[in-house]
Amino acid sequence: MRKRTLIPLIIAVPVILGLGFALYQRAEAPPEAARLLPECDAMVYVKLNTLRSATHFDSSPVTRSPYFQQFVDATGIVPERDLDELALAMHRVPATEPRKPGSPIAEVFTSEVFVGRFDGQRLTHYLSSTASSRENYAGVDIFTVPVDGEILRVAQLGYDIIAISNMPQAEQIHSMVDRSRASGLSSPGSSLLAAHYADVPQLPLPAQAWGIGHIGLPFSQNGYITVMGLQLPLPEDTDLIASLRYSGSLHLRVVEIAPNDEAAQHTVETLTTILNILRALGAENLQAQPARDPAAVAMHDILSSATLAQHGKRAELDAAATGEEMKALSAAHRPDAGESPLPAGASKK
């Protein structure tokens, strides 16, 4: 009787341990959408379904371009309602045309993976009717769609996954198809993801959005990162890791991995000086206003709460904004037309 009981237990223990290890690996692994991205200089991941549940952004009215409205009508895909995850890779390609003084030395292209709910037949019918060419690679149809003078390659990797790239060559979309064919967690993703995903700050809960790599790429100007006309003391190829979490309020952490402790200290000291100047200017602006502008108050409070710290070779910036502060800033800077994320790959950054 004891042998009959012992044998199933001996078999069950390794099975349970194996399942537990697999679940642990899945919990610690990067999201699949991020692992499907090709080799790149930087990447950004956003868990849209969590943000949608928290902020209900899908209930806000959206004005779309005629081209994209045609896409929505034809496919039935409403991005703010149907997209659950977005992973975006940025590729820096040296400029081929002769440069003018002050012009960018490189162009930035993108590759994206979208996870959500799609009608595959309607999407395929739409792409077939608009594509200039169609390639079958590893059993997956890749459609080349001309958009605003550029080419956009689109492939449906699964019933709920779409891959897009506006790179001039097909290497990136092929890579995403290959990664999607890898089984389970066997594909660690790009070298950038494998090297830095463990460094993504989780604040302390999992972040709804994060980015790693040369995050300054979209803001590069003359070799440095420029935000709203302000040049930061960071070269454009600085490795940055950012994390964003929303839980009633918005929490942001940005980490620079500097070459050494002295470089990290210099970053913190310089950014502290800039932050203090911005705080002082914001306070003067508020005092000069006859009626306090909600957006100006919100920005002043956000800057006042921001902190900078150095930990060895890491320079860290932490900032937070309440829901009311975000609403005030959004109302002051509401765009004339809110474009959906899907056509992002159709234009160069």
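**Exercise 1. The chain as a whole**

How many helices and how many strands does the secondary structure of the chain come to?

Solution. The model is predicted. Step one is the count of elements: the chain has eleven helices and 15 strands. Step two is burial: of the 349 residues in the chain, 41% are buried. Step three is the surface: the chain exposes about 19000 Å², and carbon and sulfur atoms supply 59% of this area. Step four concerns contacts with a separation of 6 or more: 65% of them are between residues 24 or more positions apart.

**Exercise 2. The nonpolar cores**

State how many residues the largest nonpolar core has, and name those with the most contacts inside it.

Solution. The largest nonpolar core has 31 residues. Inside this core, F71, L127 and I162 have the most contacts. A second core, separate from the largest one, has 29 residues, including V113, A163, L193 and Y197. As a general point, nonpolar side chains in soluble globular proteins tend to be buried together.

**Exercise 3. Aromatic rings**

Explain why the pair F68 and F71 is stacked.

Solution. Begin with the count, which comes to four aromatic pairs. For F68 and F71, the ring centres are 5.2 Å apart and the planes are at 25°. Planes under 30 degrees apart count as stacked, so the pair of F68 and F71 is stacked. Next, place the two residues in the chain: F68 and F71 are three residues apart in helix α4 (residues 66-75), so about one helical turn separates them. In general, an α-helix has 3.6 residues a turn, so residues three or four places apart point the same way. Both F68 and F71 are buried. Elsewhere, ring pairs link Y45, Y197 and W210 into a cluster.

**Exercise 4. Following the strands**

Trace the pairing from strand β12 through β13 to β15, then from β14 to β15.

Solution. Start at β12 (residues 240-246), which pairs with β13 (residues 249-257) in the antiparallel sense over seven bridges. In this pairing S243 stands opposite R253. The two strands form a hairpin with two residues between them, and G248 in the turn has a positive phi of about 90°. Move on to β13 and β15 (residues 314-322): nine bridges join them, and they run antiparallel. Here I257 stands opposite R314. Last, β14 (residues 307-311) is joined to β15 by five bridges, again antiparallel. Q310 stands opposite A315 in β15. β14 and β15 also form a hairpin with two residues between them, where G312 in the turn has a positive phi of about 65°.

**Exercise 5. Helix α10**

Compare the reach of helix α10 with the expected value, and list its buried residues A295, A296, V297, A298, I302 and L303.

Solution. Helix α10 covers residues 294-305, twelve residues in total. From its first C-alpha to its last, α10 reaches 17 Å, close to the 16 Å expected at 1.5 Å a residue. The residues A295, A296, V297, A298, I302 and L303 of α10 are buried.

**Exercise 6. A proline in a loop**

Is P168 buried, partly exposed or exposed?

Solution. First locate P168: this residue is found in the loop between β7 (161-165) and α7 (171-181). Its relative accessibility is 46%, so P168 counts as partly exposed. Leaving aside neighbours within four places in sequence, P168 is in contact with F109, I151 and R153. For P168 and I151, the separation is 17 residues in sequence and 7.3 Å in space, C-alpha to C-alpha.

Methods:
Residues are numbered from 1 along each chain as its sequence is written. This is a predicted model: local features need pLDDT of at least 70, side-chain atom pairs count only at pLDDT 80 or more; totals for chains, interfaces and linings use all residues. Side-chain values use heavy atoms; hydrogens and water are left out. A nonpolar core is a set of buried Ala, Val, Leu, Ile, Met, Phe, Trp, Tyr and Cys residues joined through side-chain atoms within 4.5 Å. Buried means under 20% relative accessible area, exposed over 50%, partly exposed in between (1.4 Å probe, protein chains only). Rings of Phe, Tyr and Trp (its six-membered ring) pair if their centres lie within 6.5 Å; planes under 30 degrees apart count as stacked, over 60 as edge-to-face and the rest as tilted. Helices (H or I, at least four residues) and strands (E, at least two) are DSSP runs, numbered from the N terminus. Contact means heavy atoms within 4.5 Å. Accessible areas come from the Shrake-Rupley method with a 1.4 Å probe; for residues, only the protein chains shown count as cover. Two strands pair if DSSP finds at least two bridges between them. The expected span of a helix is 1.5 Å times one less than its number of residues.
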